Amino acid sequence: MDGSVPGLPEGLRGDYHHARPDFTLNQDMAAYAEADHATWRTLYARQAALLPRHAAAAFRECLARLGFAGGVPDFAQVSARLRPATGWSLVAVPGLIPDDAFFSHLAARRFPVTHWIRRPDELDYIVEPDVFHDAFGHVPLLLHPDFAEFLAAYGRLGEQAARIGALKPLARLYWHMVEFGLIREAGVIRAYGAGILSSSAETVHATEGRQPRRLQFDPWRVLRSDYFIDDLQPTYFVIEDFATLFAAMAKVPEMLAAARDAPPIPPGTAAPGDLPCPLG
Ligand SMILES: [Fe+2]
């Protein structure tokens with residue numbers, strides 16, 4: 001493959017040519033330069049400093065069990081910790097992968113992690129997800145039993161959604177509740193979403209900013225809510241616990257067709273029935 005992959009944007013950075021048909025490849029630990037590990041450590045230290053105040057307790061506790069501080073993690077070693085805990089493992093991929101491959105991996109409890117790391121001039125923002133976003137942002141909660149079940153259930157829905165043309169509502173669920181999810185802990189709003197916790201600006205904006213709309217999690221609302229892919233989010237959804245997220249997956253299949261046909265709610269706008277979740 002020459003960088004043009006069906007179902008993916010043009011010009012992606014990764015080497016899709018050497019990927020297997022399921023888009024996995026081998027993570028070559030020897031290929032990381034010391035500068036790559038230094039970039040990881042810089043990003044890690046910066047985000048770690050924000051976590052006590054801004055991150056969900058579950059995220060912090062799970063991250064602490066992973067030993068991620070020293071450099072780009074070895075996916076095989078991480079998988080050896082995940083498997084006995086929740087049955088998940090990591091697979092290395094060149095970057096974004098097509099929907100069907102992505103859903104298949106999640107349904108089989110394999111989390112695709114981009115193997116390359118951003119350049120030093122991209123510390124603050126990167127267009128494509130890299131290993132820091134994927135591993136630091138997504139992997140800790142794979143150790144959490146309820147979140148782990150939720151994400152596998154999400155993957156299992158992909159096939160149905162594709163069949164009925166409802167991938168867009170399903171993508172909104174991932175965006176709002178996996179990438180940009182918030183949780184309320186003892187009255188305080190904290191972040192657990194990977195898109196928030198792998199970005200210092202979004203971490204503060206999401207949990208303390210005065211502008212964003214924060215709404216109590218409602219799967220029907222989420223399935224209809226459009227989002228910005230290249231700006232801070234104007235709307236976030238707040239859960240009370242991860243069991244609620246998993247429980248909602250029982251109701252999502254019957255909502256998909258209606259969500260596909262419903263008018264989308266533009267980013268940042270209000271909708272009837274919204275239940276605001278004020279800052280503590
Ligand atoms: Fe992500």
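Here's a quick tour of one helix packing, a bit of strand pairing and a few positive phi angles. Keep in mind that this is a predicted model. Helices H4 and H6 pack against each other, strand S3 pairs with both S4 and S6, and Phe23 is one of the non-glycine residues with a positive phi.

**Helix packing**
- H4 (residues 99–107) and H6 (residues 145–163) sit with their axes 7 Å apart, at an angle of about 145 degrees.
- The crossing of H4 past H6 is left-handed.
- On the H4 side, the contact is made by Asp99, Asp100, Phe103, Leu106 and Ala107; H6 brings in residues including Leu151, Tyr154, Arg156 and Glu159.
- Sorted by character, the residues of this contact come out as 7 nonpolar, 2 polar and 4 charged.

**Strands around S3**
- S3 (residues 182–185) runs antiparallel to S4 (residues 188–191), with 4 bridges between them.
- Across that pairing, Arg184 of S3 faces Ile189 of S4.
- The two strands make a hairpin with 2 residues in between, and Ala186 in the turn has a positive phi of about 50 degrees.
- S3 also pairs with S6 (residues 235–239), this time in the parallel sense over 2 bridges, and Ile183 has Ile239 as its bridge partner there.

**Other positive phi values**
- Phe23 has a phi near 70 degrees and lies in the segment before H1 (34–54).
- Phe23 counts as buried because it has 24 C-beta neighbours inside 10 Å, and the cut-off is 20 or more.
- Arg109 has a phi near 60 degrees and belongs to the loop between H4 and S2 (110–114).
- With 18 C-beta neighbours inside 10 Å, Arg109 is classed as partly exposed.

How values were computed. Residues are numbered from 1 along each chain as its sequence is written. This is a predicted model: local features need pLDDT of at least 70, side-chain atom pairs count only at pLDDT 80 or more; totals for chains, interfaces and linings use all residues. Axes are lines fitted to C-alpha atoms, for helices over the stretch in contact, and angles run from 0 to 180 degrees between N-to-C directions. A crossing is left-handed if the near helix is turned anticlockwise from the far one by less than a right angle, and right-handed if clockwise. Two residues are in contact if their C-beta atoms, placed from the backbone, lie within 7 Å. Ala, Val, Leu, Ile, Met, Phe, Trp, Tyr, Cys and Pro count as nonpolar, Asp, Glu, Lys and Arg as charged, and the others, Gly among them, as polar. Two strands pair if DSSP finds at least two bridges between them. A residue is buried if 20 or more other C-beta atoms lie within 10 Å of its own, exposed if 12 or fewer, and partly exposed in between; C-beta atoms are placed from the backbone.
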